[in-house]
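Student: Can we go through this one together? I'd like to see how each label is earned.

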Amino acid sequence: MKIHKLFQKTLFGIFLLFGLIGVSTSILCVYTVDTHLSNEYESNSKGIAKTIADASVDIILNRDLSALQSLIDQFVEIQGISYIYITNESGEFLAHTFVPGIPAEIRNGDPFNLETIERRLPGMGDFVEVSSPILASVAGAVHIGMDMGLITLKIQGAIGQQVYLISSIFIAGVLATIWFVSLVGRKIELLTAYAVRLARDRDEAIVAHDDLLVRDDEIGQLARLFRYFAEVMDDKKARRTSMTGLGGPDSGAMGLG
Amino acid sequence: MEIVLGMSAAFSGPSRGLGIELYRGAQAYFEHINRAGGVHGRKVVLKTYDDGYQPDPSVQNTMALMLEDQVFALFGYVGTPTVTRVLPMLKKFQDKTVYMFFPFTGAQPQREPPYGEFAFNLRASYGQETEGLVDNFVSIGKRRIGVFYQADAYGRSGWAGVRQALSKYGEKIVGEATYRRGQQFTGSMRRQVEILEESQPDAVICIGAYAACAAFLREAVDLGLEVPIANLSFVGSENLLELISEGREDSQRYTRLLVNSQVVPSYEDTSIPAVREYRDLMKRYSPEAPAELVKESYTPFAHSFVSLEGFLDAKLMVEILNRLGEDPQRTNLEDAVFSVKDYDLGIGEMVSFSESRRQGLQQVYYTIVQDDRFVTLDSWEDRFS
């Protein structure tokens with residue numbers, strides 16, 4: 001596509017501006033989505049951990065561990081939850097969802113730690129582990145491992161959608177700008193052609209570009225102005241010629257004045 | 001005129017042998033009663049659904065049985081993860097007074113509040129089975145017990161039983177490994193065996209279904225874990241033996257240290273009247289699993305612990321239905337069950353029920369493999385010391 005010299009700087013400026021807006025919006029969006037979704041996942045996990053902890057009290061006090069296992073088996077079906085384990089007040093594992101066994105990192109970990117932690121379990125992946133106390137920790141704690149890989153994938157998906165939207169707007173904006181500029185450029189081209197033709201053959205130019213002269217925009221005004229200047233020039237030229245016939249240009253000019 | 005009982009069990013998948021055999025045993029007795037005129041002139045019919053030993057289908061089947069089929073009672077459900085999910089439905093629809101009779105599971109939820117009041121059990125519990133196994137292992141000096149279990153409510157139930165039994169001796173489970181429900185015999189159990197091997201157990205108690213437990217037994221022996229390996233009654237002993245023996249000339253190598261607890265006596269012991277009756281009726285009627293439910297190939301056993309249990313379940317069920325009289329009402333079922341006192345099922349142990357006793361049998365039997373069949377274990381000392 002031919003870019004008119006007149007608009008090269010303008011277009012470059014627009015690209016730069018759009019690019020700047022796109023990049024800064026994307027960075028802000030990535031940060032916001034990442035932070036919000038991470039917090040939301042953590043908060044949801046804590047909510048689930050608390051739900052299990054609340055529901056576990058009676059079951060643990062009734063010492064029915066099969067019902068406890070049944071409870072956590074239902075929660076582990078929720079997407080993103082990779083494992084759940086419940087420890088008692090002594091740190092002993094009462095129920096869990098690990099296969100083929102409790103990973104050494106968790107077996108040897110601190111079951112009383114209720115802070116949110118990040119874990120890397122060999123052969124399983126990376127996890128965010130949230131915990132909730134059961135009966136203010138006197139009956140133990142529920143620990144839930146969220147798959148960081150899946151969370152990251154979800155966040156990346158959400159960010160991807162945002163960036164995709166911003167990029168689409170950016171590209172559409174740039175294309176629209178180029179289109180608008182080329183529209184203006186085409187009219188300027190016509191005006192230029194008209195001016196050139198006017199300089200060569202006035203009548204032919206007026207006939208060939210009469211559409212320009214009837215326009216009510218700036219192009220039409222300029223075309224009419226060119227024609228006016230040309231007519232003024234013609235008048236001057238005619239007068240100068242007649243003056244020359246009367247006795248030379250100086251005397252003619254003086255005579256008109 | 002019929003009395004329709006609803007049964008949701010595994011008729012497909014790697015545990016289908018359990019549902020099929022339980023059904024066959026029960027059907028042998030129901031068929032016998034129906035041919036003799038039924039219960040007060042009413043035939044006893046089993047309405048069956050397949051749940052593949054999975055909780056969600058089991059819940060759906062129960063909805064259909066209770067609300068669409070409007071069965072008289074639920075009977076012969078198979079499995080802890082399935083039954084534990086169905087029990088809350090019985091409470092939800094308690095105004096319909098639908099009771100669950102004799103589920104094929106020894107777990108606690110249907111034996112205790114808040115759901116115990118909606119179920120009646122015949123078999124001994126997993127707590128009793130695991131306690132018996134632990135007591136016997138400890139008695140021969142094997143105090144370091146490892147547990148291999150199914151990662152669900154059933155496995156946890158057995159695990160809890162072992163843990164509690166060991167606590168009597170001041171011991172803890174020394175190592176544990178799990179597997180996912182639905183594991184096939186062809187799957188590898190190497191990692192599970194390695195995990196347990198690290199804990200150096202004196203014995204391993206398995207709480208699983210036959211396909212997974214047979215796979216574990218195979219890998220354990222192949223990897224040199226030379227300790228007694230015990231299974232609970234739910235395993236389906238004959239199915240396990242069939243898998244471990246199939247195509248092997250040295251199957252004795254794999255079963256040498258195997259011991260299975262049972263909740264019914266040996267079907268080989270024909271001195272027991274109920275066993276003679278069971279063998280006679282199984283031979284006479286050759287019951288088959290519902291053709292519409294069995295999609296995978298399965299060769300039934302002439303006799304098995306599971307079908308014997310189904311047979312005894314049916315026998316007691318018929319006795320209870322008899323006690324309801326000529327106009328059986330669901331609302332009278334509980335009273336009919338509680339009227340069963342010192343009832344002789346024919347296995348030497350009297351059956352009684354009451355408000356506080358919702359389990360008919362208490363006895364646990366131990367069996368080992370001899371000449372490619374399960375026989376009663378006489379001496380733990382001689383076999384495992």
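Tutor: Sure. Start with buried area: that is the accessible area, with a 1.4 Å probe, that two parts lose on being put together, summed over both. Keep in mind that this is a predicted model.

Student: What makes about 1700 Å² the buried area of chain A and chain B?

Tutor: Chain A and chain B bury about 1700 Å² between them, and 50% of it is on carbon and sulfur atoms. The sum runs over both parts, so that value covers both chains together. On chain A's side, A:S66, A:V99 and A:P100 supply 32% of the area buried against chain B, more than any other three residues.

Student: Why is the pair B:R163 and A:E92 called a salt bridge?

Tutor: The cut-off is 4 Å between a side-chain nitrogen of Lys or Arg and a carboxyl oxygen of Asp or Glu. The closest N and O atoms of B:R163 and A:E92 are 2.9 Å apart, so the pair qualifies. Across this interface the rule finds 1 salt bridge.

Student: And which element gives the most to the side of chain A that touches chain B?

Tutor: That's α2(A), with 7 residues. By class, that side of chain A divides into 9 nonpolar, 9 polar and 3 charged residues.

Student: Where does B:R163 sit relative to the largest pocket?

Tutor: B:R163 is among the residues nearest the pocket's centre, along with A:F93, B:W159, B:I173 and B:E176. The pocket has a volume of about 1300 Å³ and is lined by 48 residues. α5(B) gives the most to that lining, with 8 residues.

Key: Residues are numbered from 1 along each chain as its sequence is written. Chains are lettered from A and ligands numbered from 1 in the order in which they are written. This is a predicted model: local features need pLDDT of at least 70, side-chain atom pairs count only at pLDDT 80 or more; totals for chains, interfaces and linings use all residues. Side-chain values use heavy atoms; hydrogens and water are left out. Helices (H or I, at least four residues) and strands (E, at least two) are DSSP runs, numbered from the N terminus. Ala, Val, Leu, Ile, Met, Phe, Trp, Tyr, Cys and Pro count as nonpolar, Asp, Glu, Lys and Arg as charged, and the others, Gly among them, as polar. On a 1 Å grid over the protein atoms alone, a cavity is a set of points where a 1.4 Å probe fits but cannot get out, and a pocket is an open set with protein on both sides within 12 Å along at least five of seven lines; lining residues have an atom within 4 Å of a point. Grid points are joined across faces, edges and corners, and a volume is the space filled by probe spheres set on the points.
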